[in-house]
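This report is written for a reader meeting the structure for the first time. Please keep the sequence and the model in view while reading.

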Amino acid sequence: MPCLPVRLVLVTLPVLIIMAADRSNAADPNAGKTKFLQVCATCHGNTGLGDGPASTAYNPRPKNLQTTELNDKQLHNVIANGGPAEGLSPLMLGWKAMLKPEEIDNIIAYLRKLGKQAQEKKNKKSE
Ligand code: HEC
């Protein structure tokens with residue numbers, strides 16, 4: 001069976017590539033938190049609830065980012081390119097001049113962590 005090793009490589013290689021890509025994408029929610037507090041919290045609040053000190057000055061108000069319905073790709077798009085990139089208000093600016101793609105992914109990881117914690121709390125209450 002001379003073909004077997006070749007096949008094995010063909011099968012395992014994509015898996016290895018996917019795993020490697022996955023690892024390099026591992027976002028860091030703690031680094032995300034630091035950036036979020038620096039850049040986003042004035043509007044969105046420290047935990048992304050949309051209750052930052054500047055939030056009342058805006059119409060529409062900054063969103064609750066813990067319960068956002070956007071997926072990760074859409075979140076990345078809005079944060080990098082601003083609200084209009086996903087049909088939202090231009091009051092939400094794009095931050096790609098200031099934040100690297102990895103930093104945006106870290107922020108998304110922070111928001112997802114907060115969202116998950118809030119959901120778990122809610123589930124516990126209704127038990
Ligand atoms: C100057 C105030 C302000 C700052 C600073 C700000 N935002 Fe926003 N953001 C808004 C407003 C206002 C909206 C609502 C836009 C709309 O609903 O049309 C919004 C919407 C969003 C949305 C869309 C959420 C959804 O579910 O529709 C995301 C994601 C978001 N902001 C992330 C961020 C992140 C991350 C940062 C920091 C890098 C940030 N914002 C900084 C004002 C701000």
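The text below moves from the whole chain to one pair of helices, then to one residue, and finally to the ligand.

**Overall fold.** The model is predicted. The protein chain has five helices and zero strands, and its pattern along the sequence reads α-α-α-α-α. Of the 127 residues in the protein chain, 21% are buried. Among contacts between residues at least 6 apart in sequence, 44% link residues at least 24 apart.

**Helices H2 and H5.** How do these two helices lie with respect to each other? Helix H2 covers residues 29-39 and helix H5 covers residues 101-125; they pack at an angle of about 100°, and their axes are 7 Å apart. Angles of 65 to 115 degrees count as roughly perpendicular, and H2 and H5 are therefore roughly perpendicular to each other. The table names the residues that meet in this contact.

| Helix | Residues in the contact |
|---|---|
| H2 | Pro29, Ala31, Gly32, Lys33, Lys35, Phe36 |
| H5 | Glu103, Asn106, Ile107, Ala109, Tyr110, Lys113 |

By class, the contact of H2 with H5 comprises six nonpolar, two polar and four charged residues.

**The two faces of H2.** Within H2, Gly32, Lys33 and Phe36 are buried. These residues cover an arc of only 105° around the axis, which puts them on the same side of H2. The buried residues of H2 pack against H3 and H5. On the face of H2 turned away from its buried side are the exposed residues Asn30 and Gln38.

**Tyr110.** Is this residue of H5 buried or exposed? Tyr110 belongs to helix H5. A residue counts as buried if 20 or more other C-beta atoms lie within 10 Å of its own; Tyr110 has 25 other C-beta atoms within 10 Å and is therefore buried. Leaving aside residues up to four places away in sequence, Tyr110 touches Pro29, Gly32, Lys33 and Phe36. Tyr110 and Lys35 are 75 residues apart along the chain, while their C-alpha atoms are separated by 9.8 Å.

**Surroundings of the ligand.** Which residues come nearest to the ligand? Of the 24 residues around the ligand, the nearest are Cys40, Cys43, Thr68, Ser89 and Met92. Helix H3 (41-44) and helix H4 (72-81) are the elements that give two or more residues to this shell. By class, the shell around the ligand holds 17 nonpolar, five polar and two charged residues.

How values were computed: Residues are numbered from 1 along each chain as its sequence is written. This is a predicted model: local features need pLDDT of at least 70, side-chain atom pairs count only at pLDDT 80 or more; totals for chains, interfaces and linings use all residues. A residue is near a molecule or strand if its C-beta atom, placed from the backbone, lies within 6 Å of it. Helices (H or I, at least four residues) and strands (E, at least two) are DSSP runs, numbered from the N terminus. Ala, Val, Leu, Ile, Met, Phe, Trp, Tyr, Cys and Pro count as nonpolar, Asp, Glu, Lys and Arg as charged, and the others, Gly among them, as polar. Axes are lines fitted to C-alpha atoms, for helices over the stretch in contact, and angles run from 0 to 180 degrees between N-to-C directions. Angles under 35 degrees count as roughly parallel, over 145 as roughly antiparallel, 65 to 115 as roughly perpendicular and the rest as oblique. Two residues are in contact if their C-beta atoms, placed from the backbone, lie within 7 Å. A residue is buried if 20 or more other C-beta atoms lie within 10 Å of its own, exposed if 12 or fewer, and partly exposed in between; C-beta atoms are placed from the backbone. The arc is that of the directions from the helix axis to the C-beta atoms.
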